[in-house]
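Here's a quick look at how the parts of this structure fit together. Grab the viewer and follow along.

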Amino acid sequence: MTEMKMQENNISENNFEQCIKCTVCTVYCPVVPVNPEYPGPKQAGPDGERLRLKKGIFFDQTLKYCLNCKRCEVACPSGVRIGDIIQAAKIRYGKSRPKLRDFMLASTDMMGGIATKVAPVVNATLKIKPVKQIMDGVLKIDHRRSFPEYSSQTFESWFRKNALRDQEKFDRHVAYFHGCYANYNYPQLGKDFVKVMNALGYGVRLLDGEKCCGVALVSNGMINQATRNARRNIKLMEGALSSCEAVLGTSSSCSFTIRDEYPHLLGVDNSSVRDRMELAVKFIYRLLESGKAKLEFRDDFKARIAYHVPCHMEKLGWGIFSARLVKMIPGVEFTMLDSNCCGIAGTYGFKKENYEVSQAIGKPLFDQIRAVDPDYVACDCETCKWQIEMSTGYKVMNPISILAAAIKGRD
Amino acid sequence: MKFDSIIIGGGLSGLVCGLRLQKAGRKCAIISSGQSAMHFSSGYFDFLDRTPDGKTTKDLKEALGNLPEEHPYSKIGKERLTGYMGSVKEFFSGCGIKLGGDPFSNGYRITPTGNFKPTWLSLEDFSLLENESVPWKKVLIANIEGFLDFNTSFIAESLESRGTACRTSVIDIEEMQRLRRNPSEMRSANIARVLDRQECADKAVSQIKQQLQDEEAVLLPAVFGLRTPEVKDRLTKAIGREVFFVATMPPSVPGIRTQMRLKEEFEASGGVFLAGDTALSPELAGSRVMSIGTVNFGDIRLEADSYVLATGSFFSKGLSATPERIVENIFGLDIISDTQRERWYDTDFFNRQNYISYGIRTDSRMRCIKEGSTVENLYAAGSVLGGSNPLYEGSGAGTAIFTAMYVADSILSSVNTTL
């Protein structure tokens with residue numbers, strides 16, 4: 001009996017020993033069909049872990065081809081944290097230091113901070129062919145990739161100038177984790193969020209000195225920086241939650257990183273905030289379903305919308321909330337796209353060595369979007385948005401922006 | 001979030017139940033934590049290969065007469081069950097899945113190691129043999145170069161012992177070579193992805209044609225048609241001889257395709273499939289389930305009039321064994337099992353293992369029982385049910401399909417009576 005007790009309690013932190021070698025994860029990995037160099041999630045994850053535990057030299061450099069999409073974990077019948085095992089192995093055993101290119105791609109808030117100050121110049125320059133060729137040749141950022149534009153005014157500065165004053169008129173508040181994208185590239189998403197929350201009777205507060213969630217830092221091996229950001233963000237959220245009902249995000253990858261990657265990969269305890277840190281769509285769904293708030297929609301809103309569930313949204317299991325909110329809008333003709341990875345996986349698809357693989361992974365999704373031919377695509381992730389817009393020419397909107405466009409009231 | 005019915009478990013049983021309810025106009029959600037055992041399908045459905053006392057079955061109606069009272073088939077009742085059997089092929093073809101075979105009698109299949117085993121119906125990729133003799137005098141057994149999950153020599157040895165002349169050959173397709181760079185990826189599903197491309201399938205066909213001499217049939221590993229059905233018909237036409245697929249070691253290409261098709265059909269008919277989520281913390285009031293939570297939904301509850309437990313057995317974590325007892329993991333339901341641990345298993349691995357027959361106790365309408373009383377709106381279907389030993393009897397798929405139909409019909413009839 002003592003032996004049995006030991007067996008019951010002897011489950012490792014990343015539970016690799018729960019793998020029964022069924023290979024189901026491999027069937028659902030988006031990389032395996034297009035990149036034969038990648039050993040697949042079972043080999044890279046739980047199988048390789050057994051060897052790595054014996055000796056670190058068994059670490060395989062090809063683990064870098066993992067997108068960290070977590071589709072293996074969604075598919076696993078045994079609940080093994082396959083994606084976490086692979087990422088943790090990269091962190092623990094990976095020898096390659098981030099290159100200048102990786103540093104630039106990963107430091108989204110530092111680069112954004114510089115770029116927004118000279119946005120028109122940066123945006124124009126990044127479109128010039130010789131510049132793209134140099135970036136390709138020197139930095140190994142693929143020249144076929146189009147860059148997200150930078151905004152000349154950050155969301156934070158827009159908020160301070162235009163919205164801050166009105167927010168304290170509300171009795172109830174939420175804190176907004178806007179992330180780098182809404183701040184530097186597309187402040188309109190932040191503005192849309194404020195509009196929707198205000199319409200629901202909530203004032204919005206920002207986290208004073210919010211840091212990048214760190215998703216790109218983690219995938220580019222900049223773990224110390226990611227951990228510092230994580231600690232700081234959790235502290236800010238703890239503070240905010242003393243007077244706000246929740247901390248809300250509009251990016252599925254930021255929210256996923258804060259909720260799951262902080263404790264699993266960075267060892268940063270987020271238990272004090274985790275239950276109250278979520279995506280805005282989930283918060284809004286709960287609010288509307290309970291009847292505690294209502295949204296007034298315009299009568300003249302009409303759109304054919306196809307919704308793409310980003311991989312991290314798939315893992316969060318919250319795609320249904322976005323889908324329900326968009327479907328609820330009168331005048332929307334809704335299509336749920338098949339569950340497929342778009343291939344960009346954050347900074348992965350920007351790297352020259354990954355471009356072909358990235359586009360091949362996304363092809364089934366692109367083909368389906370063209371076949372459905374919607375007015376636009378809905379999606380909760382900014383890098384999916386860039387990838388889909390670049391690869392299909394269809395415009396992509398965050399569900400929060402769609403709600404903002406469909407409700408009554410001025411922008 | 002409100003539904004008419006919530007089904008916990010997205011395998012064969014959960015999907016059949018969901019499809020039947022959804023197609024009858026009920027709004028359903030399926031909560032599915034991880035992919036199901038369909039990924040390890042033999043390509044055939046078993047109904048009852050032998051009776052609990054070990055007799056091989058042929059005429060299935062007759063075999064139904066002698067089952068113990070707690071057997072799920074006995075609860076459905078012979079008359080209703082034979083009705084279901086009569087309509088099973090129609091049900092699946094309505095979901096885009098063609099089944100072969102006679103629903104009232106068993107045939108035989110060839111296993112990946114070349115054995116002959118009784119079975120019931122086949123997915124369209126496969127054929128049923130009438131008895132244990134080989135229907136061909138000469139066959140070609142062709143494998144994909146470097147594929148280790150299909151053993152041609154085992155199969156040849158078995159067929160030759162039954163008097164059939166066998167030749168083996170290898171199909172070598174350039175596009176497949178890249179898979180071999182990584183030995184762990186030379187697996188059925190990855191091979192099938194390559195063969196789903198028309199130009200690669202054409203190459204395979206032309207090589208098989210060159211290799212064939214005067215054989216009547218070619219035996220191939222079931223690595224064709226991950227996304228596309230009807231591949232056997234096309235190959236037969238192109239090769240001009242009988243094509244007979246033999247299942248490979250897992251993952252099962254026809255099983256995966258079938259699972260995906262059922263899920264697509266469920267979603268196309270309006271059902272909500274919550275993939276990668278786990279049901280937990282049910283709320284009960286008196287003898288009714290009021291709501292259920294999930295890991296991903298957090299404090300947002302799922303509510304329905306009726307709930308179906310189709311969580312599977314030990315593999316799918318529907319059941320767990322602690323050192324002292326067998327536990328149903330979500331509701332803590334009453335279990336049919338032996339209390340003495342020594343009775344749970346036989347130390348000879350190949351003997352009948354009693355633990356496989358453990359599962360939850362239900363009333364005659366497949367409603368679950370907790371602490372001795374029936375939970376009025378909680379039903380169970382598939383391998384989470386106790387009362388039969390699907391591994392020993394060869395009754396897993398039949399139990400999954402027909403208990404699911406029975407539960408769906410129980411729910412529908414209780415709705416109709418309340419109305």
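## Two domains in chain B

In this predicted model, the domain assignment splits chain B into domain 1, made of 5-102 + 256-418, and domain 2, covering 127-246. So how far apart are the centres of domain 1 of chain B and domain 2 of chain B, going by C-alpha atoms? The separation comes to 34 Å. Where the domains touch, domain 1 of chain B puts in nine residues and domain 2 of chain B puts in twelve residues.

## What the domain contact is made of

Put domain 1 of chain B and domain 2 of chain B together and about 740 Å² gets buried, with 48% of that coming from carbon and sulfur atoms. On the domain 1 side, the residues losing the most area to domain 2 of chain B are Tyr44(B), Lys98(B) and Arg257(B); together they account for 59% of what that side buries.

There are two salt bridges between these domains of chain B. Lys98(B), one of those top area losers, forms a salt bridge with Glu230(B), and the closest N and O atoms sit 3.0 Å apart. As for polar contacts, five residue pairs turn up across the interface of domain 1 of chain B and domain 2 of chain B, with both residues at pLDDT 80 or more. Helix α10 (residues 253-268) of chain B gives the largest share of the domain 1 side, four residues. By residue type, that side of domain 1 of chain B has three nonpolar, two polar and four charged residues.

## Chain B meets chain A

Now for the contact between the chains. Chain B brings 36 residues to the contact and chain A brings 39 residues. How much area do chain B and chain A bury between them? The figure is about 3,100 Å², and carbon and sulfur atoms carry 55% of it.

The count here is one salt bridge between chain B and chain A. You can find a salt bridge between the side chains of Arg286(A) and Asp299(B), at 2.7 Å from N to O. Ten residue pairs make polar contact across the interface of chain B and chain A, again with both at pLDDT 80 or more.

Which elements of chain B each supply at least two residues of the side that touches chain A? Look at α7 (188-195), α10 and β12 (272-275) of chain B. Helix α10 of chain B also shows up in the domain contact described above. Sorted by type, the side of chain B that touches chain A has 15 nonpolar, eleven polar and ten charged residues.

Definitions and conventions:
Residues numbered from 1 in each chain as written. Chains lettered and ligands numbered in written order. Predicted model: local features only at pLDDT ≥ 70, side-chain atom pairs only at ≥ 80, totals over all residues. Heavy atoms only, no water. Domains from an automatic or database assignment. Contact = heavy atoms within 4.5 Å. Buried area = accessible area lost by both parts, 1.4 Å probe. Salt bridge = Lys/Arg side-chain N within 4 Å of Asp/Glu carboxyl O. Polar contact = N/O pair within 3.5 Å; in protein donor to acceptor, adjacent residues only side chain to side chain. Nonpolar A, V, L, I, M, F, W, Y, C, P; charged D, E, K, R; others polar.
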